[in-house]
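Dear colleague,

Please find below the structure that I am handing over to you. A short account of the findings follows it.

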Amino acid sequence: MTASSFPISPSSPPTPSVAAAGSRVPVLDAVRALAFVGDLSMGQPVDHSTRTAWLAARIAQAARAEGLALGQMGRASGTE
(Lines give C-alpha, C1' and ligand atoms only; values in the text may rest on other atoms or scores of the structure.)
Protein backbone atom coordinates (compact mmCIF):
# COMPACT_ATOMS: atom_id res chain seq x y z
CA MET A 1 0.00 0.00 0.00
CA THR A 2 1.39 3.37 -0.94
CA ALA A 3 1.07 6.63 0.95
CA SER A 4 -1.07 8.02 -1.87
CA SER A 5 -3.68 5.29 -1.34
CA PHE A 6 -4.00 6.12 2.35
CA PRO A 7 -6.86 8.61 3.04
CA ILE A 8 -4.79 10.96 5.23
CA SER A 9 -1.33 11.81 4.08
CA PRO A 10 1.02 14.19 5.86
CA SER A 11 1.38 16.27 2.71
CA SER A 12 -2.33 16.78 1.98
CA PRO A 13 -3.34 20.33 2.87
CA PRO A 14 -6.70 20.98 4.52
CA THR A 15 -9.37 21.90 2.01
CA PRO A 16 -10.62 25.46 2.53
CA SER A 17 -14.37 25.94 2.71
CA VAL A 18 -16.86 28.54 3.81
CA ALA A 19 -19.50 27.26 6.20
CA ALA A 20 -23.03 28.59 5.86
CA ALA A 21 -25.27 28.95 8.88
CA GLY A 22 -26.65 25.55 9.84
CA SER A 23 -24.20 23.58 7.70
CA ARG A 24 -22.20 20.65 8.98
CA VAL A 25 -18.44 20.47 9.28
CA PRO A 26 -16.87 17.21 8.08
CA VAL A 27 -15.27 15.24 10.94
CA LEU A 28 -11.90 15.12 9.19
CA ASP A 29 -11.82 18.93 8.90
CA ALA A 30 -12.73 19.32 12.57
CA VAL A 31 -10.02 16.88 13.66
CA ARG A 32 -7.45 18.64 11.47
CA ALA A 33 -8.38 22.00 13.01
CA LEU A 34 -8.00 20.59 16.54
CA ALA A 35 -4.67 19.00 15.63
CA PHE A 36 -3.45 22.31 14.19
CA VAL A 37 -4.39 24.21 17.35
CA GLY A 38 -2.80 21.50 19.49
CA ASP A 39 0.43 21.70 17.48
CA LEU A 40 0.55 25.46 17.88
CA SER A 41 -0.18 25.33 21.61
CA MET A 42 2.61 22.79 22.21
CA GLY A 43 5.15 24.58 20.04
CA GLN A 44 5.27 21.71 17.55
CA PRO A 45 5.68 22.20 13.80
CA VAL A 46 2.46 22.52 11.82
CA ASP A 47 1.07 19.08 10.87
CA HIS A 48 3.08 17.30 13.60
CA SER A 49 -0.09 15.68 15.00
CA THR A 50 -1.32 14.75 11.52
CA ARG A 51 1.98 13.06 10.67
CA THR A 52 2.01 11.24 14.01
CA ALA A 53 -1.54 9.94 13.50
CA TRP A 54 -0.71 8.90 9.93
CA LEU A 55 2.36 6.97 11.09
CA ALA A 56 0.39 5.29 13.90
CA ALA A 57 -2.28 4.20 11.43
CA ARG A 58 0.39 2.80 9.07
CA ILE A 59 1.98 0.84 11.93
CA ALA A 60 -1.43 -0.54 12.93
CA GLN A 61 -2.11 -1.50 9.31
CA ALA A 62 1.22 -3.29 9.06
CA ALA A 63 0.55 -5.14 12.31
CA ARG A 64 -2.84 -6.32 11.01
CA ALA A 65 -1.25 -7.36 7.70
CA GLU A 66 1.22 -9.49 9.64
CA GLY A 67 -1.61 -11.01 11.70
CA LEU A 68 -0.57 -9.45 15.00
CA ALA A 69 -3.17 -8.51 17.58
CA LEU A 70 -2.69 -5.16 19.30
CA GLY A 71 -2.02 -6.91 22.61
CA GLN A 72 0.78 -8.90 21.00
CA MET A 73 2.70 -5.87 19.68
CA GLY A 74 5.03 -5.71 22.69
CA ARG A 75 5.77 -9.44 22.60
CA ALA A 76 6.41 -9.37 18.84
CA SER A 77 8.90 -6.52 19.15
CA GLY A 78 10.61 -8.05 22.19
CA THR A 79 9.73 -5.18 24.55
CA GLU A 80 7.85 -7.32 27.06
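**The loop residue D47 and its surroundings**

D47 has a relative accessibility of 26%, so D47 counts as partly exposed, since that class lies between the cut-offs of 20% and 50%. Please note that this is a predicted model. D47 is located in the loop that lies between α1 and α2. Although D47 is not a glycine, its phi is positive, at about 75°. Most residues other than glycine have a negative phi.

As to the whole chain, it contains three helices and zero strands, and its elements run α-α-α from the N terminus on. Of the 80 residues in the chain, 11% are buried. The chain exposes about 6,100 Å², of which carbon and sulfur atoms supply 65%. Among contacts between residues at least 6 apart in sequence, 44% join residues at least 24 apart.

Before the loop comes helix α1, residues 27-42, in which V37 has its place. With a relative accessibility of 52%, V37 counts as exposed, because the cut-off for that class is over 50%. V37 also belongs to a nonpolar surface patch of about 360 Å², which it makes together with F36, L40 and V46.

Helix α2 covers residues 48-65; its 18 residues should span 26 Å at 1.5 Å a residue, and its end C-alpha atoms are 26 Å apart, so the two values agree. Which residues of α2 are buried? They are T50, W54 and A63. G67 follows α2 and has a positive phi, near 80°.

Yours sincerely

How values were computed:
Residues numbered from 1 in each chain as written. Predicted model: local features only at pLDDT ≥ 70, side-chain atom pairs only at ≥ 80, totals over all residues. Heavy atoms only, no water. Patch = residues over 30% accessible without salt bridge, like charges linked within 9 Å, V, L, I, M, F, W, Y side chains within 5 Å. Areas by Shrake-Rupley, 256 points an atom, 1.4 Å probe, with all protein chains shown as cover. Salt bridge = Lys/Arg side-chain N within 4 Å of Asp/Glu carboxyl O. Helix = DSSP H or I, 4+ residues; strand = E, 2+ residues; numbered from the N terminus. Buried < 20%, exposed > 50% of the residue type's maximum accessible area, 1.4 Å probe, protein only. Expected span 1.5 Å × (residues − 1). Contact = heavy atoms within 4.5 Å.
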